[in-house]
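Biologist: I have a chain to go through with you, residue by residue and strand by strand. Please put it up, and I will ask as we go.

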Amino acid sequence: TTAALQNQYLDCAQPLPIRNLTRTPIGIASLPDPVTAIDPRPAPGSALRTTDRTAPLTPEFDQARYRGAFSPGSNWANGWTNLDRLGYFPRCDTANSPQSVPDEVETLGLMADKRTLSWDAPRGTYGLAFYDVIRSTNPRDFSAATCVETDDVDTLAQAVEDPLPGQVFFYLVRAGNTCGEGSAGFTSTGVERVAVVCGP
């Protein structure tokens, strides 16, 4: 409750500050209902998505633009922790689980030929993922960008068009699944990017 630390206590908050927390009632009043699914990424509009706090100026700390352990676009615990192995994280391909769009893709870059974009799939399992490859001439605006590939199923794309002299192309890759499209990433200020819709 320390206001100077920007702490907030949200007693059974609705809406939740995280994307999902599902409990299964067990019918015993003296015991809490067990958590059966959780998506710890900050929910849209959540106070957890931004912060003006600064990290200590020591090598052990990195500055984050969000509050808590999880960024809005990535669940770093997905794909390797016991929580994931036990099925607590939402998946889009499971009928009885809360559904979730994929995290952000990782390590987008050009291969040695300087024409092939490659990236790593989002961490964890979210069902069959597809990718939109988006190109813009403005690194701050992808709202009217060009869709280079739509619903691609591999993690490679060809940068087939050359920029004009003095022009620069900026690329981003957005993952999606049958639940919907994932995030197009976040600006340096922590605001989620608005990106063009590719496909129907």
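Modeller: Start with Asn75: its backbone nitrogen lies 2.8 Å from a polar atom of the side chain of Asp103. Bear in mind that this is a predicted model.

Biologist: Is Asp103 buried or exposed?
Modeller: Asp103 sits in the loop between H1 and strand E3 (106-110). Its relative accessible area is 1%. The cut-off for buried is under 20%, so Asp103 counts as buried.

Biologist: Which side chain makes a polar contact with the side chain of Asp103, and at what distance?
Modeller: The contact with Asn75 involves that residue's backbone nitrogen, so to speak of side chains on both ends we need another partner. A polar contact joins the side chains of Asp103 and Arg41. The distance is 2.2 Å, and the partner is Arg41.

Biologist: What separates the C-alpha atoms of Asp103 and Arg174?
Modeller: Along the chain, Asp103 and Arg174 are 71 residues apart. In space, their C-alpha atoms are separated by 8.9 Å.

Biologist: Is Ser46 buried or exposed, and which backbone oxygen does its side chain reach?
Modeller: Ser46 lies in the loop between strand E2 (35-42) and helix H1 (82-85). Its relative accessible area is 10%, so Ser46 is buried. At 2.8 Å, its side chain reaches the backbone oxygen of Pro17.

Biologist: Which residues make the nonpolar surface patch of about 250 Å²?
Modeller: One member is Leu31, in the loop between strand E1 (18-23) and E2. Leu31 is partly exposed because its relative accessible area is 45%, which falls between the 20% and 50% cut-offs. The patch is made by Leu31, Ile26 and Ile28.

Biologist: What is the strand order of the open four-stranded sheet, and which strands are its edges?
Modeller: The pairing in this sheet is antiparallel, and the order is E6-E5-E8-E9. An edge strand here pairs on one side only. That holds for strand E6 (146-152) and strand E9 (180-181).

Biologist: Which residue of E6 is the bridge partner of Arg135?
Modeller: Strand E5 (residues 130-136) runs antiparallel to E6, and four bridges join them. In E6, the partner of Arg135 is Thr146.

Biologist: Which strand gives the most to the largest nonpolar core?
Modeller: That core has twelve residues, among them Val105, Leu117, Trp119, Tyr131 and Phe169. At least two residues each come from strand E4 (116-120), E5 and strand E8 (170-177). With three residues, the strand that gives the most is E8. A second, separate core of eight residues includes Ile134, Phe142, Ala145 and Val196, but the answer for the largest core stays E8.

Biologist: How many of the five residues of E4 are buried?
Modeller: Leu117 and Trp119 belong to the largest nonpolar core, and E4 supplies at least two residues of that core. The strand is mostly covered, and the number of buried residues is four.

Biologist: Which residue of E4 stands opposite Leu110, and which residue in the hairpin takes a positive phi?
Modeller: E3 and E4 run antiparallel and are joined by three bridges. Leu110 stands opposite Leu117. The hairpin has five residues between the strands, and the residue with a positive phi, near 65°, is Lys114.

Biologist: What is the bridge partner of Thr116 in E7?
Modeller: E4 is also joined to strand E7 (residues 156-158), by three bridges, and the two run antiparallel. The partner of Thr116 in E7 is Gln158.

Definitions and conventions
Residues numbered from 1 in each chain as written. Predicted model: local features only at pLDDT ≥ 70, side-chain atom pairs only at ≥ 80, totals over all residues. Heavy atoms only, no water. Buried < 20%, exposed > 50% of the residue type's maximum accessible area, 1.4 Å probe, protein only. Polar contact = N/O pair within 3.5 Å; in protein donor to acceptor, adjacent residues only side chain to side chain. Pairing = 2+ DSSP bridges. Patch = residues over 30% accessible without salt bridge, like charges linked within 9 Å, V, L, I, M, F, W, Y side chains within 5 Å. Areas by Shrake-Rupley, 256 points an atom, 1.4 Å probe, with all protein chains shown as cover. Salt bridge = Lys/Arg side-chain N within 4 Å of Asp/Glu carboxyl O. Core = buried A, V, L, I, M, F, W, Y, C linked by side-chain atoms within 4.5 Å.
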